[in-house]
Every structure is written in C-alpha cells, then in structure tokens.
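Reader: I would like a close look at one part of this model rather than a survey of the whole. Please keep to the geometry and to the contacts, and leave interpretation aside.

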Amino acid sequence: MPASGYSPADYAHMASALALAERGLGRVWPNPSVGCVIVKDGIVVGRAVTAPGGRPHGETQALAQAGTAARGATVYVSLEPCNHHGKTPPCSEALIAAGVGRVVVACEDPDPRVCGGGIKRLRAAGIQVDVGLMATEAAMLNEGFFKRIREALPMVTLKMATSLDGRIATRTGQSQWITGAQARAHGHMLRARYDAIMVGIGTALADDPELTCRLPGLEGRSPVRIVMDSRLRLPLTSRLVRTARDVPTWVVTLAEGAQQARAQAFADCGVQVIAIDPNPPGEIPVMAAVKALAARGITRVLAEGGARLAASLLRADAVDRAEWFRAPMVIGGDGLGAAAAFGADRLADAKRFRRVETLPLGDDLLERYRRA
C-alpha cells in the first residue's frame, strides 16, 4: 500500500465513484451529485449516482443493487453520507442496516445537517470509515454545492467564444459563428453539466437564442434558462418565452421597474419572474441576482453572454471559473470586446485567473481558468 494507507484498488474505485458523480452534474440541484461504488471480494456489486432531481441518493441505489452482497463490503462514496431525515431516510442509516464493513469517503459534507455527523454515526456503529481519499477532486466536482452551502452563492462559470484579439462579434454585431463545430458541440456539453445558463437581455434580443443542449441523446439535459432583463424587454414572441413550458425559463428584473401586467404576461407563458431590489438604480445588482438563484437551489451557473453581463459579473468578483474558446481569427479593434468596461484603471484592478487546462477543438482552442 502507498504511505497514505490506501491501496491502488482504493484509488481506482474512488475514481469510479467520482466519475459517476460527474455524470450527475446539472441534474441533481439543489442536492450534490454523489457517486457510490460497493465492492465485495474485489468485485463491484453496486454502483450508482444521485438520481435526477436529487433523490434517491447514490448510496441507497447502490445498496439496492448489491442486495445481501453489501454485508461486509467496502463502500466508496464521493461525499460523506447524509445523516438527516428529509424526504428519504439518511444514507448513514441505510449503510448501517446493510451491514457494510468499511466506508471510504472522499470528503466531508459542509451541510450543517451532516458536517461530520454521518461519519460519526457510521463509526459509532462499528464500521471502519476512512476519510480524505481524492478529497481535492471531490471538492472541485461539487464546488457549486459547497459554495451554495457556505456562501449562499452558486458557482459561476463565464463562457466566452472569442477571436484571438478577444472579440465576440464584428462591428455590425455578427457573431455566428466565431468558433467551429467541435467547439460549439463542446459548449453544448457544458450546458448539460450546469443547473442554469445565464445571458443578458442584449444577447437575448440580438440572437433570440434557445439556450438548450442540442447534442443527440442529451436534449433532456437542458439547464434552467435565465435572462438578466432589468426592464422586462424580452419579447413574448421570443424562443425563450415560447418554449418556457418545455424548458424552465426565469427572468431576473428590477423590483421597481417590474410592470405588473408585463410580469403577469410572462407568468402566463410559464416564465418565472424574479424581482431584485435595484442597487444601483437602473441596473440589476448582479450579486443579489445570483444570491436569488442560490436561494432557489441553483448551485452551478454558466454565464454565456454578452459583454455587459461579463463585465457585471467580473466587476462583482462573482466569476469562479472561465471556459474560454479561442478561434484563430482577428476581428480588429472595432469589433465587440468580450467584456464591457468595468473600471479597471490599474493592472492591480484587473481580474486574475489561473489557467488549469487547454484543449484543442479542431482549429479552435479551449482554455480553462479558475479564480486566481
């Protein structure tokens, strides 16, 4: 065994649990996505991930698969088993009842209702519990859930598709398509992994987008669609409004400017209107907006545009990650920049990120960043 006390098999099975958990991203909010693998005598007898909508949990589904083979088995779980009664009994109780012999937990759950309680309960029942295997990977995977619990905010990822000189459109507003087919397909895959996708009203008016995942087989993975629209200008004839009963659509607006009749018209079309108190007047306070999303259970937001929304999120220091698609073309200084002005007078005022990965996509390049 390595010095850590974990065997190569432990690492392999936990990696499988994390891969399962990754599959559930975008489908389980407000709950975390938890992968579980149950192993008996070196054979996997149960494996599952949190079901769409957040329940049943991965552990209970994997235990159901394992049946009596769970007795004395080792359970690998990407997040501490829950220890509170909600709509379902706690997973810690189910593991004890199944008679498992060992539970390997990647990291503790920061939810105050759990927060070490599940681990203590398992140990009190005489089960060996090992905590910390691949903890960094597990925390990154559920970063959105952790941030919502700790800060009452969702994780926000800024997605941009730009030219080499950082332009998202020509001077006439043409933006389709800066990147190629592979990059666009990857962008749709991103949508499937997020709870919500956000655009500003300028993008909604200019592009009349659908904001859905249109990859074959993943059409049902479209996130909640959110439009930041301070004066409720989104046309009732837009694609977003027309399809609001098929794909959840929320419009965030200013409380003082929300015309009751207009808001009711949106509601009649199936659109949820979220009114935010204005501060400063005339502009949606972006932090209040994202807090309102977290309060409704959203843990992961993909912000897709445009330049004003990007600037608002950057100014508020609300961007946790960036997915930057860069195309091999130069548009020039009269094109539309990726972010509008947000008051960075000095280099010290610039928002800094750390590049963590690059991925070629045809002729384009995807650069992944995290907050520095």
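Author: Two strands are taken to pair if DSSP finds at least two bridges between them. The model is a predicted one. By that criterion, strand S4 (residues 102–105) and strand S5 (residues 128–131) are paired: 4 bridges link them, and the sense is parallel. One residue pair can be named here, since Val 104 has Asp 130 in S5 as its bridge partner. Between the two strands the chain passes through helix H4 (residues 117–124), and the resulting β-α-β crossover from S4 to S5 is right-handed.

On its other flank, S4 has a further partner. Strand S3 (residues 74–77) pairs with S4, again through 4 bridges and again in the parallel sense. Within that pairing, Val 103 in S4 stands opposite Val 75.

These strands belong to an open sheet of 5 strands, in the order S2-S1-S3-S4-S5. The pairing in this sheet is mixed. Its edges are formed by strand S2 (43–49) and S5, each of which pairs on one side only. From one strand to the next, the twist averages 15 degrees. Helix H2 packs on this sheet, where it touches strand S1 (35–40), S2 and S3. The direction of H2 makes about 145 degrees with that of S2.

The helices can be taken next, as pairs. H2 (residues 58–66) and H3 (residues 91–98) have axes that come within 9 Å and cross at roughly 20 degrees. Angles under 35 degrees count as roughly parallel, and H2 and H3 are therefore roughly parallel to each other. The crossing of this pair is left-handed. On the H2 side, the contact uses Glu 59, Thr 60 and Leu 63; on the H3 side, Cys 91, Ala 94, Leu 95 and Ala 98. Sorted by class, the contact of H2 with H3 has 5 nonpolar residues, 1 polar and 1 charged.

H3 also packs against H4. Their axes are 9 Å apart, and the angle is about 20 degrees. That makes H3 roughly parallel to H4. The hand of this crossing is right-handed. H3 contributes Ser 92, Glu 93, Leu 95 and Ile 96 to the contact, while H4 contributes Gly 118, Arg 121 and Leu 122. By class, the contact of H3 with H4 has 3 nonpolar, 2 polar and 2 charged residues.

The two contacts can be set side by side through H3. Leu 95 of H3 is listed in the contact with H2, and Leu 95 is also listed in the contact with H4. Ala 94 and Ala 98 are among the H3 residues that meet H2, whereas Glu 93 and Ile 96 are among those that meet H4. The crossing angle is roughly 20 degrees for H2 with H3 and about 20 degrees for H3 with H4. The hands are opposite words: left-handed for H2 with H3, right-handed for H3 with H4.

What remains is the backbone in the loops around the sheet. Ahead of S1, in the loop between helix H1 (8–23) and S1, is Pro 30. The peptide bond from Trp 29 to Pro 30 is cis, and its omega is near 10 degrees. After S1, in the loop between S1 and S2, comes Asp 41. Phi of Asp 41 is near 55 degrees, which is a positive value in a residue other than glycine. A second cis peptide bond, with omega about 0 degrees, joins Arg 55 and Pro 56. Pro 56 is in the loop between S2 and H2, so placed that the chain goes on from there to the helix that touches S1, S2 and S3.

Note on methods
Residues are numbered from 1 along each chain as its sequence is written. This is a predicted model: local features need pLDDT of at least 70, side-chain atom pairs count only at pLDDT 80 or more; totals for chains, interfaces and linings use all residues. Side-chain values use heavy atoms; hydrogens and water are left out. Axes are lines fitted to C-alpha atoms, for helices over the stretch in contact, and angles run from 0 to 180 degrees between N-to-C directions. Angles under 35 degrees count as roughly parallel, over 145 as roughly antiparallel, 65 to 115 as roughly perpendicular and the rest as oblique. A crossing is left-handed if the near helix is turned anticlockwise from the far one by less than a right angle, and right-handed if clockwise. Contact means heavy atoms within 4.5 Å. Ala, Val, Leu, Ile, Met, Phe, Trp, Tyr, Cys and Pro count as nonpolar, Asp, Glu, Lys and Arg as charged, and the others, Gly among them, as polar. A crossover is right-handed if, with the strands pointing away from the viewer, the path from the first strand over the helix to the second runs clockwise.
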